[in-house]
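Please work through the following exercises with the sequence and the model at hand. Each exercise sets a task and is followed by a stepwise solution.

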Amino acid sequence: MMKLIGFGGFVCGFLLVTVGGYGFGRCPKYPSMPKFNLTRILGDWYEVERSFYLPEIASGCTKLAFQPENENAVKLNNIFRLEVAIKTINRLTGSPSINIGYATPESSRSSIMDFKFNTRFPDVISRLLPGSGKYQVLFSDYDNFAILWSCASLGPIGYADQIWIFGRDRDFNVTIRSKIYDSLKRLGLEPDRLVISKNKNCPITL
Ligand SMILES: *[C@@H]1O[C@H](CO)[C@@H](O)[C@H](O)[C@H]1NC(C)=O
Ligand SMILES: *[C@@H]1O[C@H](CO)[C@@H](O)[C@H](O)[C@H]1NC(C)=O
């Protein structure tokens, strides 16, 4: 066990240099996306790219399905809790997994959400970045892409942040991709941190 932790520490040190997902000081603060419309973010999203994250290396075909927990709340345009179904395939075993969570926006027009898993996440993941916590849609055009971001404080050591790029399809064309990368650069996030998610031979039923 001690050896494993030591190795993890080494990998983190390595990531610090090559990926830049770690920083000193506090998590950067981003404002909510202006006039965020929660209704338009509903539906299915596929993970197309994301920042490198060791515990996630074996997963692929990740899909998020957002739906209002309460249909009536949408009609009234109130703050409503979203149910989030996260489906992935383990690329090593081929077995699918579904995790259900709930996202509560800070206000009716806010893209900053408090997310809680219904199911407990494996410890290996919660060690680096808790599955539950604050997640933020930094930017989305609703129809093609959404940039999701989360940051975890590592106490006096600094912080670790993660970026996910979701699409309405499993890939982006050139126009959309350059729009996403431009948005990231404007937010001071380095597109070089992103790796293409494993989306080959995904089951249609997922
Ligand atoms: C949010 O989007 C929905 C669906 O496009 C639309 O009907 C609604 O008017 C929008 N809400 C606001 C406040 O713009
Ligand atoms: C990419 O897709 C968008 C949205 O469907 C479209 O407006 C744009 O023309 C496409 N660009 C290319 C190069 O196909």
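The exercises below concern a predicted model and pass from the overall fold to a buried residue, the nonpolar cores and a ligand site.

**Exercise 1. Describe the overall make-up of the protein.**

Solution.
- Step 1. Begin with the secondary structure: the protein contains 5 helices and 10 strands.
- Step 2. Turn to burial: 45% of the 206 residues count as buried.
- Step 3. Consider the surface, whose accessible area is about 11700 Å². Carbon and sulfur atoms contribute 59% of that area.
- Step 4. Examine the contacts with a sequence separation of 6 or more: 59% of them are between residues 24 or more positions apart.

**Exercise 2. Determine whether Glu49 is buried or exposed, and identify its surroundings.**

Solution.
- Step 1. Locate the residue: Glu49 belongs to strand S2, which spans residues 43–51.
- Step 2. Apply the cut-off for burial, which is under 20% relative accessible area. Glu49 has a relative accessibility of 1% and therefore counts as buried.
- Step 3. List the contacts of Glu49 beyond four places in sequence: Trp164, Ile165, Arg177, Tyr181, Leu194, Val195, Ile196 and Ser197.
- Step 4. Look for a polar partner: the side chains of Glu49 and Tyr181 form a polar contact of 2.7 Å.

**Exercise 3. Characterise the nonpolar cores.**

Solution.
- Step 1. Recall the general expectation that nonpolar side chains in soluble globular proteins tend to be buried together.
- Step 2. Find the largest nonpolar core, which comprises 23 residues. Phe36, Ile41 and Leu82 have the most contacts inside this core.
- Step 3. Assign the core to elements: those giving two or more residues include helix H2 (38–41), strand S3 (59–68) and strand S4 (82–90). Strands S6 (112–117), S7 (133–140), S8 (145–153) and S9 (159–167) are also among them.
- Step 4. Inspect Phe36: beyond four places in sequence, Phe36 touches Ile41, Ser108, Arg109, Ser110, Ser111, Met113, Val137 and Tyr142.
- Step 5. Note a second, separate core of 16 residues, with Cys151, Tyr159, Ile176 and Leu194 among its members.

**Exercise 4. Which residues are around ligand 2, and which polar side-chain atoms approach its oxygen and nitrogen atoms?**

Solution.
- Step 1. Name the shell: Asn144, Asn173, Thr175 and Ile176 are the residues around ligand 2.
- Step 2. Classify the shell: 1 residue is nonpolar, 3 are polar and none is charged.
- Step 3. Examine the distances: a polar side-chain atom of Asn173 is 2.4 Å from an oxygen atom of ligand 2. A polar side-chain atom of Thr175 is 2.7 Å from a nitrogen atom of ligand 2.
- Step 4. Evaluate the cover: ligand 2 taken alone exposes 360 Å², and the protein buries 36% of this area.

Key
Residues are numbered from 1 along each chain as its sequence is written. Chains are lettered from A and ligands numbered from 1 in the order in which they are written. This is a predicted model: local features need pLDDT of at least 70, side-chain atom pairs count only at pLDDT 80 or more; totals for chains, interfaces and linings use all residues. Side-chain values use heavy atoms; hydrogens and water are left out. A residue is near a molecule or strand if one of its heavy atoms lies within 4 Å of it. A polar contact is a pair of N or O atoms within 3.5 Å; within protein, one must be able to donate a hydrogen and the other to accept it, and residues adjacent in sequence count only if both atoms are side-chain atoms. Accessible areas come from the Shrake-Rupley method with a 1.4 Å probe; for residues, only the protein chains shown count as cover. Ala, Val, Leu, Ile, Met, Phe, Trp, Tyr, Cys and Pro count as nonpolar, Asp, Glu, Lys and Arg as charged, and the others, Gly among them, as polar. A nonpolar core is a set of buried Ala, Val, Leu, Ile, Met, Phe, Trp, Tyr and Cys residues joined through side-chain atoms within 4.5 Å. Buried means under 20% relative accessible area, exposed over 50%, partly exposed in between (1.4 Å probe, protein chains only). Helices (H or I, at least four residues) and strands (E, at least two) are DSSP runs, numbered from the N terminus. Contact means heavy atoms within 4.5 Å.
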